[in-house]
Amino acid sequence: MGGAGIFLLLLLAEVGAGVAWRPPKGKCPLSCSCSKDSALCEGSPDLPESFSPSLLSLVPQTGDSSGMGLFSPTIAHVPSSLVRTEVTQLKAGSFLRVPSLHLLLFTFNSFSVIEDDAFAGLSHLQYLFIEDNEIGSISKNALRGLRSLTHLSLANNHLETLPRFLFRGLETLTHVDLRGNPFQCDCRVLWLLQWVPSVNASVGTGACAGPAARAHVQLRHLDPKTFKCRAIELSWFQTVGESALGVEPFSYQGEPHIVLAQPFAGRCLILSWDYGLQRFRREEELSAPSVVACKPLVLGPRLFVLAARLWGGSQLWARPRPGLRLAPTQALAPKRLLRPNDAELLWLDGQPCFVVADASKAGSTTLLCRDGPGFYPRQSLHAWHRDTDAEALELDGRPHLLLASASQRPVLFHWLGGRFERRTDIPEAEDVYATRHFQASGDVFLCLTRYIGDSLVMRWDGSMFRLLQQLPSRGAHVFQPLLIARDQLAILGSDFAFSQVLRLEPDKGLLEPLQELGPPALVAPRAFAHVPAAGRRFLFAACFKGPTQIYQLHELDLSA
C-alpha cells in the first residue's frame, strides 16, 4: 500500500497545482467534522450528500488509518474529504451532488458491490482509486460516463472476474491497476486478455488464483488462443409429422430445399423455407410407395430426384425448369435393382452418376450414369453380397466407392479405366451396416455404424483405413458426420437410447460427447442432415418409427 500511496500522493499534488479553490458552499454532514478543505466522516452507513458541489477530491476511508498519513501532506494543495464509511455498496448516482470531482479514493472500506452508473455525473473525474476493499462484484456499466478518467485502480479487492465491456467508453485511460485480485483465469477473463494489448494504456493485471492449471500464472503470460470459450447446442425447432428413412438437402435456384424419403406415406416429400412464417413448409410430393431413398440432383435449372423403392421399381423424376412440377421420366434398371437400400450421388469423369446399393441376392448394386436424357446402368457391382449402404469418397485424388453389406466386411473400390475396381476391404470391421466419411486437417475419416457391438471411427493412412476409436452403439443404424460451421460433428443414432452428438476435438483427434438430442426424443433415427437457411443452421433427424424432428444450432460465447 505504501508504494500506491506515494503514487497517489503525487497525483493529488498534480491535481492541486494551479487549481483555484473556493470554499465549499454546502453544509458539513452531521456525521462529519469539516475544516476549510477537508471533512472526516466516521461510521456513516451512507455516503454523505451535503458536500459542496465544487468539491474536487473525495477520499472515503475506513479501518486502517495509515492511508490518511500517506495522503495528509496533500490536503493543503487540494480540497479533500476523508471519510470512514460503513457503506456496503455503491449505488447508481452516488456522486450526483459533487459533479466537479477530479479525484476519488476508496481504501479499506467494507462495501462489496458497485452498481451500474455508480459514478454517473462525474464527467470531470480523472483519478479513481478503489483499493484494498472487499469488492467481489462490479456491474458492467459501473464506470459508464467517466469520459475524462485517466487513472483507474481496482487493486487488492476480491474480484474473481470483470464484466465484459467494463472499460467501454473510457478512451482517455492511461493507467489501470488490477493487481492483487483472485482472478479465475477461465473463459470469463478472455475478453480482458484480448483488451489489454489493444488499449493505449499501462495495465497491471496480476496473477491467476485459479483454476489449478493456471494458478499463480501472470495474466500477461496467458495466450488467448489456448482458451476454448465457444460452445454450441442443438435445441428443438420444428416437427414434420410423418416418419422417414432418409433426408437430403439441396439448393435449387439459390434457395434451400430438403427431400424426405417417407415409405409409410409412400412419397418423396420436398420442403422449402418459408420466409414469412420462418419455418419449413411442404412444397411438393412425389408418389413413391415403399420408397427407401430420395436422391436429388440439380443441373442448372433442371432438377432430378431418384426415388429408390423396394417394390414397383425405382424411378427418376425430373423438372426441366423452375415453375414446373416434377414428373416421372424413367424406370431405373428394373432387372438389377430388386431391393434397393441406399442411393448416393457421385461425379465420374465430369458426369453425374448414381450408385444404388441393392440388398437382394438376385439383384446387384448398380452404377447409373447420365447418357442423353436419362440415367442408365454403367456397371454392376458386388453381386450376391446383399449390400446395405454405399458411400462415395475421394482418396489420393481419385474417386472411390465404399460398399457395406450383410455378408462381409466393407469393400473399397477405386475408379480405374472407366470402371470401379476392388482395391481393399476394411479390416476389423465385421457387421457394419453403413459407412460415412468426413475430412479434417487433411485426413480422411470413416464413421462405421454397427447395430450390435461398437461403432468405429477409422482414419486413412495412405493404403488402408486404420482403427482410431470405438464408441458403444447398441441399436445404432446411423453414425452420421456433419460439418456445421466450424464444428465437425458426428451423430450416433440409437433405437434404444438417446442419440448422441459428438464433436471432433482437434487437439486429441478424437470424437468427444457434446450433448444428447432431445426432447423430444428421436424414435429409431435413420438419417441426419445439416440445412442452412435464412442465416440459421438446422439439423434434420429422419426417424423410422416417429416424426422427423428439426433442431436449430445455437453458438454460445462462454466468455460473455
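User: Which backbone nitrogen lies 3.0 Å from a polar atom of the side chain of D342?

Analyst: That of A390. Keep in mind that this is a predicted model. D342 itself is part of strand β24, residues 340-348.

User: What else is D342 in contact with, once its neighbours within four places in sequence are set aside?

Analyst: V355, V356 and A357 are on the list, as are T388, D389, A390 and R436.

User: How should I read the charge of D342? Is D342 buried or exposed, and which side chain of opposite charge is nearest?

Analyst: Start with the general idea. Side chains of opposite charge can pair when their charged atoms come close. A salt bridge needs a side-chain nitrogen of Lys or Arg within 4 Å of a carboxyl oxygen of Asp or Glu. D342 is buried. The nearest side chain of opposite charge is R436, at 4.2 Å, and D342 has no salt bridge.

User: How many salt bridges does the count come to by this rule?

Analyst: It comes to 28 salt bridges. One of them joins the side chains of R144 and D117, at 2.6 Å from N to O. This pair links distant parts of the chain, 27 residues apart: R144 is in the loop between β9 (137-138) and β10 (151-153), and D117 is in the loop between β7 (113-114) and β8 (127-131).

User: Where do R144 and D117 fall on the scale from buried to exposed?

Analyst: For that, look at relative accessible area: under 20% is buried, over 50% is exposed, and partly exposed is in between. R144 has 43% relative accessibility, so it counts as partly exposed. D117 is partly exposed too, because its relative accessible area is 22%.

User: Which residue does R409 meet in a salt bridge?

Analyst: R409 meets E430, with 3.9 Å between N and O. R409 lies in the loop between β29 (398-405) and β30 (411-416), and E430 in the loop between β31 and β32 (434-440), so the salt bridge ties together parts that are 21 residues apart in sequence. R409 is partly exposed at 29%, and E430 is partly exposed at 38%.

User: With which side chain does the side chain of D425 make a polar contact?

Analyst: With that of R409, at 2.9 Å. D425 sits in strand β31, residues 419-425. Not counting residues up to four places away in sequence, D425 touches R409, P410, V411 and L412.

User: What other salt bridges can I look up?

Analyst: R466 forms one with D461, and their closest N and O atoms are 2.8 Å apart. R466 has a relative accessible area of 43% and is partly exposed; D461, at 40%, also counts as partly exposed. There is also a network of salt bridges, which links R230, R486, D487, R503, E505 and E555.

User: Now the cysteines. How many disulfides does a search of the whole structure find?

Analyst: The search finds 4. To read one, check the two sulfur atoms, then the torsion about the S-S bond, then where each cysteine lies. C185 is joined to C208, with 2.0 Å from S to S. The torsion about their S-S bond is about -95°, so this disulfide is left-handed. It links distant parts of the chain, 23 residues apart: C185 is in the loop between β12 (183-184) and α3 (190-195), and C208 is in strand β14, residues 208-210. Both C185 and C208 are buried.

User: Is the link of C187 and C229 left-handed or right-handed?

Analyst: The link of C187 and C229 is left-handed, with -95° about the S-S bond. C187 lies in the loop between β12 and α3, and C229 in the loop between β14 and β15 (230-240), so parts 42 residues apart in sequence are tied together. The S to S distance is 2.2 Å. C187 counts as buried at 15% relative accessibility, and C229 does at 7%.

User: And which way does the link of C353 and C369 turn, left-handed or right-handed?

Analyst: With 105° about its S-S bond, the link of C353 and C369 is right-handed. C353 lies in strand β25 (residues 351-358) and C369 in strand β26 (residues 365-371), so the disulfide ties together parts 16 residues apart in sequence. The sulfur atoms are 2.1 Å apart, and both C353 and C369 are buried.

User: How many helices and strands does the protein chain have?

Analyst: The protein chain has 3 helices and 42 strands. Of its 560 residues, 52% are buried.

Note on methods
Residues numbered from 1 in each chain as written. Predicted model: local features only at pLDDT ≥ 70, side-chain atom pairs only at ≥ 80, totals over all residues. Heavy atoms only, no water. Disulfide = S-S within 2.5 Å. Helix = DSSP H or I, 4+ residues; strand = E, 2+ residues; numbered from the N terminus. Buried < 20%, exposed > 50% of the residue type's maximum accessible area, 1.4 Å probe, protein only. Lys, Arg positive; Asp, Glu negative; His and termini not counted. Polar contact = N/O pair within 3.5 Å; in protein donor to acceptor, adjacent residues only side chain to side chain. Contact = heavy atoms within 4.5 Å.
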